Amino acid sequence: MRNYGKLRTRVVAMPKDTNSKGNIFGGWIMSQIDIAGSLTVRDLDSGNFATVAVNSLEFKKAVKIGDTVTCYGKIIKVGKTSIQTQIEVFAERVVEHEEVCVHVTSAIVTYVAVDNEGSKRALKI
Ligand SMILES: CC(C)(COP(=O)(O)OP(=O)(O)OC[C@H]1O[C@@H](n2cnc3c(N)ncnc32)[C@H](O)[C@@H]1OP(=O)(O)O)[C@@H](O)C(=O)NCCC(=O)NCCS
């Protein structure tokens, strides 16, 4: 497997997370991505962060009910107050008695280090 970074989240997609077509709702996947990104920045700085931008997001394949959805994340850029992360999402499911793993979503998300008042602060690195 390519270097997608560390495993950040792993959760089963449930019926309550579906859209009107019965696939898993994109907003739910985005929420998993944001959680994974917020855990990724902790590799460098354990303080508070705010999500400032989703710089890119590509839904490559649909996620289905019962899939095990796994997010991998790594840091791709470090600034003065910001950290950019790359998050790759995979869905594992059983098809005809075989376990398959599908690359479903890619995202780049940027976080800004913030203080207790929510103002940006220098990274603690
Ligand atoms: C995050 C926040 C504090 C940043 O404050 P700001 O004074 O506007 O910050 P700046 O414009 O100076 O940008 C700060 C850093 O973010 C980077 N940044 C800002 N917008 C960006 C974007 N669209 N893409 C990538 N990086 C971006 C800047 O390049 C800068 O990086 P650096 O200091 O490492 O060089 C402010 O925008 C905010 O409070 N946003 C709302 C956050 C929020 O509610 N998020 C959702 C829930 S967590």
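Buried means under 20% relative accessible area, exposed means over 50%, and partly exposed covers what lies in between, as found with a 1.4 Å probe on protein chains only. The model on your screen is predicted, and local features need a pLDDT of at least 70, side-chain atom pairs count only at pLDDT 80 or more, while totals for chains, interfaces and linings use all residues. Residues are numbered from 1 along each chain as its sequence is written, and side-chain values use heavy atoms, with hydrogens and water left out.

**First stop: Lys 16 and Asp 17**

Select Lys 16, which counts as exposed at 70% relative accessibility, and then Asp 17, which counts as buried at 9%. Their side chains meet in a salt bridge, with 3.2 Å from N to O; the term stands for a side-chain nitrogen of Lys or Arg within 4 Å of a carboxyl oxygen of Asp or Glu. By this rule the structure has 7 salt bridges.

**Second stop: Arg 93 and Asp 67**

Now select Arg 93 together with Asp 67, whose side chains form a salt bridge at 2.7 Å, N to O. Because Arg 93 belongs to strand β4 (residues 82–95) and Asp 67 to the loop between β2 and β3 (68–78), the pair ties together parts that are 26 residues apart in sequence. Strands (E, at least two residues) and helices (H or I, at least four) are DSSP runs, numbered from the N terminus. Arg 93 counts as buried at 17% relative accessibility, and Asp 67 is buried as well, at 2%.

**Third stop: Lys 6, Arg 8 and Asp 43**

Salt bridges that share partners join Lys 6, Arg 8 and Asp 43 into one network. Within this group, select Asp 43 and Lys 6, whose side chains meet at 3.6 Å, N to O. The pair links distant parts of the chain, since Asp 43 sits in the loop between α1 (26–40) and β2 (49–59) and Lys 6 in strand β1 (residues 6–12), 37 residues apart. Asp 43 is partly exposed at 40% relative accessibility, and Lys 6 is partly exposed at 49%.

**Last stop: Cys 71 and Cys 101**

How many disulfides does the structure hold? There are 0, where a disulfide is taken as a pair of cysteine sulfur atoms within 2.5 Å. Select Cys 71, for which the nearest cysteine sulfur is that of Cys 101, 12 Å away, and this distance is too far for a bond. Cys 71 counts as buried, at 0% relative accessibility, whereas Cys 101 is partly exposed, with a relative accessible area of 46%.
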